[in-house]
Every structure is written in C-alpha cells, then in structure tokens.
Amino acid sequence: MTREFTSVGVVGLGTMGAGIVEVFARNGIDVVAVEISDAALDRGRANLTGSTDRAVARGKLAEADRDALLGRVTFAVGLDALHSVDLVIEAVPEHLDLKQRLFAELDRVCQPEAILATNTSSLSVTEISVATARPNQVVGIHFFNPAPVMKLVEVVRTVVTSADVVADVEALCKRLGKVDVTISDRAGFIANALLFGYLNHAVDLFESRYATREDIDAAMKLGCGLPMGPLALMDLIGLDTAYEILDTMYRRGGRDRRHAPVPLLKQMVTAGLLGRKSGRGFYTYERPGSPKVVPDEQTPTTTEPAVTGATLTKVGIGSARSELASPAVVTKVGIVGSGTMATGIIEVFANAGYEVVSVTRGAEQSAKVFEAVRTSLNKGVVRGRLSEADRDAALGRINWSATLDHLADVDLVVESVVEELSVKKALFASLDETCKPGVVLATTTSSLPVIELAMATQRPADVVGLHFFNPAPAMPLVEIVRTIRTSAETVATAQAVSATLGKTGVVCGDRSGFIVNALLFPYLNDAVRMLEASYSTTDDIDHAMKLGCGYPMGPFELLDVVGLDVALAIQRELYLELREPGFAPAPLLEHLVTAGYLGRKTGRGFRDHTRR
Ligand SMILES: NC(=O)c1ccc[n+]([C@@H]2O[C@H](COP(=O)([O-])OP(=O)(O)OC[C@H]3O[C@@H](n4cnc5c(N)ncnc54)[C@H](O)[C@@H]3O)[C@@H](O)[C@H]2O)c1
C-alpha cells in the first residue's frame, strides 16, 4: 500500500513552481502555494492563472474545471502555512545554500511524516537532505518545463532515501499522469546531463557569430524535429536558472569544459535579460511572461532577395552582408552524383521547376537514378501530393548525361559524389574548366571543409556548401555553408534558390558539423557515455529525452536509425577539428561499430532489430 497524498505544498511560484501547482491541482490534490513576499505571490498567482486561462482558450480545459482547479489552491506568504501537508516540493532558485536553509526550515515546520522534495535540476539532493533531521524522507522530484505539458518526472533517490518514500512518490507521479524514471543523485540526472552541454554549445555558436539565433534554432527544429530551438529553449528555462544549472554541473560533473557557462550567459543575466520571464533573453517577448516573440533589432528583414534580374558581381572575401547582395538568376542546374542524396536533390530541383542536368558516371547509373526519381515521384502521385501531369513535367525537365561537358551552360552546380576529399577536389577542378564564369558551385558535403574544394578552383568566391538532409524531398532544411572566400552574392543566390525549393536555408560558417551535426552528435555521444557508465538504461534515457524534452526519438533510437558507423565518423571529425576532450567518441560506440552492430541496417545496434 502506498501513501495517499491529499494535500501538498509548493514553495516558489516562478517558472516551475506555478506549473507544478497546476499539475497537482488538476489532479484533485489540494495545494498550499507559498512565496517569499506579497509581490512574489501576486506574480506566482498570475503565472498560474495565465497558464490555466491559456489552456481554457485553447480548449484544453473547461472553464468549470479551471475554477475547480484554482479552488484547490491556497496562496500564502511564508512556510508556516505548510504545517499539515503530506508532501512539500520546492522550486526556489538553484542555489545550494538557499535550498539548504529552506529545507532546515521545512523540517521544523512540517509534520514529522511529511516527505520533503526538491525540484532541483543539478544540485545534490543528498547535500540538501542533510540540512534536515529526516534525510531518509528527502527525495528529488524533477519536473520538466512546462510542467503541465511534459510527461516526464525524474525521481531522484539518494543513498539514504527510504524505499517506501521512493515507492510513494513513484505512485504519486502515476496519479499525476506522469511517466517517472528513478535514478540516483548525479549532476543533471538524465535529461539535463544530456541537454545542457548542447544548450551551452548553441550559445557559444551564437556568441561567436557562427550563425544567427534564428538560423541556429531553425536548424535544430527543422533538421532534428525538435519542438524548439536551443536558444528559444534557453529563454523558456530562464537564463539565470540555466546559468546556475550549468555552473553546478561544471563543478559537480567533473569540470567538463562544455558545461562552463558561456560568458555571454553571465552578461545577459547581469543585464536582466532572463528570457521569457523578464520579457527579453535571446529573443524579445510581447511582455514579461509572454510566450509571444516580437520583432527586435536582430530580427531579419522579411524581404526575400529578388530572384530575377540580378547580375553576379564579385566581392573578394566572403562577408556576412549576404542580405545586401543580389542573387544571380538560376534556371538551369547541374547535379553531379548518383547516390541517395544526389537522387533526392535531382527530384527536389526538377519538382521546383528547374531545368536539371544530371551527370553520373555512366548510362547504368543514370538509369538507376531515373528509376529512383520516378518511383519517388509516383509515390507523390499516389499520396495525392502531385498530379500525373506534374510528375511527367518534372521528369521531362531532367536531362541525363555521363559527361561534365553538359554543364557548360548551367547556372548552378550541386556536387553530391562520394564523401572523399581527393575525388571532390578533382571534380571541382574539372567544374572550374567546364562551367561558364559566374556559376555557383555548391557541394553537399557533410564533413569535408568547403574551403578545400573552393581552393581547388580559380573561383573560390563562387563556391558554397548546400547541405541537404536525407531524404532531401522531405526534409525542410538546407545548411548554406559560407567559407571565408565565399562572396555575399553566392550566399544570396544559395538563399534564394533554397527558398524556391520550399526549404529553409540557414547560413553558417565552414566548421566541422556545420550547425546540426555539431550540436546533435556530441549529445548522442554523451548518451552513449551515460549508458556506458551504467547510470541508466537505453529505454529510460530514450524516454527521458522524448518525454522530458519533447524529442521525436530518444538518442539510442536515433543512433540506430542514423547508423553507429556514421555517428562515429562524424564524432571523430568533430573531435579532430575542435580537440575538445568531451567530444572524444565514447569507447562503447567504437566497440559496437567494431563488432558490426551498426544499427537498423545490420539488424542490431543499441537494440536488436531482428526480434520484433
Ligand atoms: N526553469 C526550468 O526550466 C526548470 C526545469 C526543471 C527544474 N527547475 C528547477 O526548479 C527550481 C526553480 O527554478 P525556476 O526556473 O522556476 O526559478 P524562478 O526564478 O522562475 O522562480 C523561483 C521562485 O522562487 C521564489 N523564491 C525565492 N526564494 C524563496 C523562498 N525562500 N521561499 C519561497 N519562495 C522563494 C521566487 O520569488 C521565484 O518566484 C530550480 O531548482 C531549478 O533548477 C527549473
């Protein structure tokens, strides 16, 4: 028999506390909601009513249910109001001394059998527990933001937490409609340990002007299907809270440099730019607490570069002023290669109305690519996305060739041959001889330096990366990779062309992994390390990221789909280029690849796919 909770206390009604009050009250539990002052209490009440009113407006909560929910909540200043609750959960700022003082006080105020819980994201639950005379009744109950929406709760047990308390809290989580994972007391638990290195890295990319905030966020949303980009997520979490979490993880988690808060974070916190709660963080919001982003001085102008009528002029060194440059007119596109990516890209261009010249190594390859494009377009017809006439027109726009000579009059070349530097360099040298002046020469490489290919030609200003994602017809993102020699006009042309393909083009510098892979693969590698350290299981880690952070797949599901060999190769590149010790490939990943466990394609990776 687990304990029945009829009333709980929540201390601190900020970003998390107000949401946690809502979760309990929604599930029929009386809540005593406590703040430090009248003004803070008013803000906390406004957080709660704002959220429940939005739920009513969206049709997710009936008005009567909202009124009943609010009727279960008693608001109070000071801890004395918590004298008879069964459980208290605190959500005050992430400072150990503050939490320890609070727990000592709660221990004094609350009835002896009450469970005392912390919502800390990174502090030691053990250190908090020893501030009380009942450490066996102290536990971590880590909700995710926004608490009413995210399904996951991490239940953190210390070495002294009693088994009964853990069982009671697990049963309570189920009653709240949450999925719980129970873990031991380690900095960042599962989800934050995997999330915050990634968030900090994204801030670093932004701080170093590697890409704009919009492009970093769009890349992760569209390239990985995440519910929000990392900088928007930082704003939701709160930059002060994020700073404290990173700082604690750095100190507790082995001084991994990737958790040392990026200097910009501290500056923003000092300047009062805390994210949504203060109305301004990486983005600007309609008002404090509002989720609505409004334009500010960093918002890009919405005027698309004109696609027609422009001439291509050269401006020496690549610059960030692509928005000021005019794109070249592109009507005819050459695509070199016959693999999966080339095939998808041919379809994308032909479908968007471009005249396409496909160059492969021979008639046999061309026939194969033709069949693949036709099959894919046919699927579009069957699914009602394309008419038969459109399919025939798209196929009719493709010219098949086995010689680069046929690229003499194209306006843009997209190279998508095998991922080998020597092969690509030779190809770019040939393109330089064949193509007319002013043509944009693009590569779809996902790991080689674009500048190496640019320097294989006499026209490095015209060379750019166009990194499509697989499958190209379905994935909405293209990374436009600008080298230090790429001209603003070339970037503008790449942006204009991406837009006509119906893709979002994000511009980034020529660094290993561009935006998406640089941010994604270290996180996947960290998940492997966590598994290797036996902190949690593949299932729980996958659950944590899906239910705690809204990821479409957990890290092990994704690794099995991507291929462990591919992941290892990308991770090695990142490590070699940046020499970041934390990027060193996890030994377990290397061993699985050596053993031939490459993921779905070999039937076994982190999971066995041969058994259903
Ligand atoms: N923000 C997130 O996304 C997130 C997610 C999960 C867990 N957490 C954790 O939740 C906790 C709270 O974070 P937050 O982002 O909600 O912070 P917040 O700054 O939004 O809110 C903290 C609230 O605590 C109140 N407070 C401060 N001292 C108090 C005291 N002595 N007594 C009562 N109330 C007090 C403040 O007035 C404020 O309203 C932290 O431990 C954090 O790590 C945060």
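## A first look at this predicted model

Let's start with two helices: α7 (residues 191–207) and α8 (residues 213–224) pack at an angle of about 145°, and their axes lie 9 Å apart. The contact (heavy atoms within 4.5 Å) is made by Tyr198, Ala202, Leu205 and Phe206 from α7, together with Arg213, Ile216 and Met220 from α8. Sorted by class, that makes six nonpolar residues, no polar ones and one charged. Here Ala, Val, Leu, Ile, Met, Phe, Trp, Tyr, Cys and Pro are nonpolar, Asp, Glu, Lys and Arg are charged, and the others, Gly among them, are polar. The axes are lines fitted to C-alpha atoms, for helices over the stretch in contact, with angles running from 0 to 180 degrees between N-to-C directions.

A word on what you are looking at: this is a predicted model, in which local features need pLDDT of at least 70 and side-chain atom pairs count only at pLDDT 80 or more, while totals for chains, interfaces and linings use all residues. Residues are numbered from 1 along each chain as its sequence is written, and side-chain values use heavy atoms, with hydrogens and water left out.

**The whole chain**

Stepping back, the protein chain has 22 helices and 18 strands. Those are DSSP runs numbered from the N terminus, helices being H or I with at least four residues and strands E with at least two. Its radius of gyration is 27 Å, close to the 25 Å that the globule rule gives for 612 residues, so the chain is as compact as a globular protein of that length. That radius is taken over C-alpha atoms, and the rule is 2.2 Å times the number of residues to the power 0.38. Along its principal axes, the C-alpha trace spans about 85 × 50 × 45 Å.

How much of the chain is buried? Of the 612 residues, 54% count as buried, meaning under 20% relative accessible area, with exposed being over 50% and partly exposed in between (1.4 Å probe, protein chains only). As for contacts with a separation of 6 or more, 69% of them join residues 24 or more positions apart.

**Two buried strand residues**

Ala117 sits in strand β5 (residues 115–118) and is buried, with a relative accessible area of 0%. Leaving out residues up to four places away in sequence, Ala117 touches Val88, Ile89, Glu90, Phe103, Val139 and Ile141. Take Ile141: its C-alpha is 6.1 Å from that of Ala117, though the two are 24 residues apart in sequence.

His467, in strand β16 (residues 463–468), is buried too, at 6% relative accessibility. Beyond its neighbours within four places in sequence, His467 has contacts that include Thr443, Leu477, Phe514 and Asn517.

**Unusual spots in the backbone**

Most residues other than glycine have a negative phi, and most peptide bonds are trans. Here are some places that go the other way.

| Place | Feature | Value |
|---|---|---|
| Asn145 to Pro146 | cis peptide bond | omega near -5° |
| Asn470 to Pro471 | cis peptide bond | omega near -5° |
| Arg255 | positive phi | about 50° |
| Ser534 | positive phi | about 60° |

Where do they sit? Pro146 is in the loop between β6 (138–143) and β7 (152–157), and Pro471 is in the loop between β16 and β17 (477–482). Arg255 belongs to the loop between α10 (239–252) and α11 (263–270). Ser534 lies in the loop between α18 (516–532) and α19 (538–549), and at 61% relative accessibility Ser534 is exposed.
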